[in-house]
Amino acid sequence: MNDIFTTIFKEIKQDPMNHSFTSKGIDPLYFAGPEATVLIIGQAPGKKAEQSRLYWNDASGDRLRNWIGMSRKEFYTSNKLAILPMDFYFPGKGKSGDLPPRKEFAKKWHPRLIEAMPKLQLIILVGSYATHHYLQLKTSIRLTDIVSNYDRYYPPYFPLIHPSPRNQIWMKKNPWFENTVLPSLKTVVQKLI
């Protein structure tokens, strides 16, 4: 890691808001580097990702890699790809899935990391939290409407639904996503990676 990235990583670990994780030996889970041209911003690591120390290490990650046209090996070894979840720690389980990322986390840490990646040309926004935050849209605006108009936001943003298997029904109801959005996404990613 470059010095600025090492410094920020240490600061995140030392931040009192992350003490409950650091005290258990849990490091922030993300990747950022000076050569990155593509950035994926998702929700937060899941429990499996936290335990394995690999972001997007689950069925959602498999689907996301398929969507962007990258092999598992490429995804984890390319210095052209950065991963910044809205929270770098697993937020815990709620009644209907994982809890949301902490509200102020991305606002505090993302700007410095993004500034240290001057080669970024594409920012893939995965799911509602990242999309509404970065596009500065009201949460009342449906993610389906945002994603169907993805070309309004590119460059540099490319909004997506979450690749969770739970969204299989949504994908069946919205065939335009696989027919139009995903081919465009793959084309853009392959040009930049």
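**Strand partners, burial and a pocket in a predicted model**

Reader: Which residue of E2 does Ile 40 stand opposite?

Author: Ile 40 faces Ile 83 in E2. This is a predicted model, in which local features need pLDDT of at least 70 and side-chain atom pairs count only at pLDDT 80 or more, whereas totals for chains, interfaces and linings use all residues. Residues are numbered from 1 along each chain as its sequence is written, and side-chain values use heavy atoms, with hydrogens and water left out.

Reader: What makes E1 and E2 a pair of strands?

Author: Strands are DSSP runs of E of at least two residues, helices are runs of H or I of at least four, and both are numbered from the N terminus. Two strands pair if DSSP finds at least two bridges between them. E1 and E2 have three bridges and run in the parallel sense, so the requirement is met. One bridge sets Val 38 against Leu 81 of E2.

Reader: How do you know that E5 pairs with E1 (residues 38–41), and in which sense?

Author: Four bridges connect E1 and E5, and the pairing is parallel. That count satisfies the criterion, and the two strands are therefore called a pair. Ile 40 has Ile 124 of E5 opposite.

Reader: What joins E5 to E6 (residues 157–160)?

Author: E5 and E6 are joined by four bridges and run parallel. Here Ile 124 stands opposite Phe 158 in E6. Thus Ile 124 has Ile 40 of E1 and Phe 158 of E6 as opposite residues.

Reader: Why are E2 (81–83) and E6 said to stand at the edges?

Author: The four strands form an open sheet with parallel pairing, in the order E2-E1-E5-E6. E2 and E6 each have a single partner strand, so each has one side without a neighbour in the sheet.

Reader: What makes E5 (residues 122–126) a mostly covered strand?

Author: A residue is buried under 20% relative accessible area, exposed over 50% and partly exposed in between, with a 1.4 Å probe and protein chains only. Five of the five residues of E5 are buried, and the strand is accordingly described as mostly covered. In a regular strand the side chains alternate between the two faces of the sheet. In E5, one side carries Leu 122, Ile 124 and Val 126, the other Ile 123 and Leu 125, and both faces are covered.

Reader: Which residues of E1 point each way, and are they buried or exposed?

Author: From E1, Val 38 and Ile 40 point one way, Leu 39 and Ile 41 point the other way, and all of them are buried.

Reader: How many residues of H4 are buried, and which elements cover them?

Author: Seven of the ten residues of H4 are buried, and this helix is mostly covered. The buried residues are Ser 60, Gly 61, Arg 63, Leu 64, Arg 65, Trp 67 and Ile 68. Their cover includes the strands E1, E5 and E6 and the helices H5 (72–77), H9 (168–173) and H10 (176–192).

Reader: Why does Thr 131 count as buried?

Author: Thr 131 belongs to helix H7. Its relative accessibility is 0%, and it therefore counts as buried. Contact means heavy atoms within 4.5 Å. Leaving aside residues up to four places away in sequence, Thr 131 touches Leu 125, Gln 136, Leu 143, Ile 146, Pro 159 and Leu 160.

Reader: Is Leu 84 buried or exposed, and what does it touch?

Author: Leu 84 sits in the loop between E2 and E3 (93–94). With a relative accessible area of 0%, Leu 84 is buried. Among the residues that Leu 84 touches, not counting those up to four places away in sequence, are Tyr 30, Phe 31, Leu 39, Ile 40, Ile 41, His 110, Leu 113 and Met 117. Arg 112 is 28 residues from Leu 84 along the chain, and their C-alpha atoms are separated by 12 Å.

Reader: What makes a residue part of the lining of the second largest pocket, and which element gives the most?

Author: On a 1 Å grid over the protein atoms alone, a pocket is an open set of points where a 1.4 Å probe fits, with protein on both sides within 12 Å along at least five of seven lines; lining residues have an atom within 4 Å of a point. Residues that line the second largest pocket include Met 86, Pro 100, Pro 101, Arg 102, Lys 103, Ser 128, Tyr 129, His 132 and His 133. H7 gives the most to this lining, with four residues.
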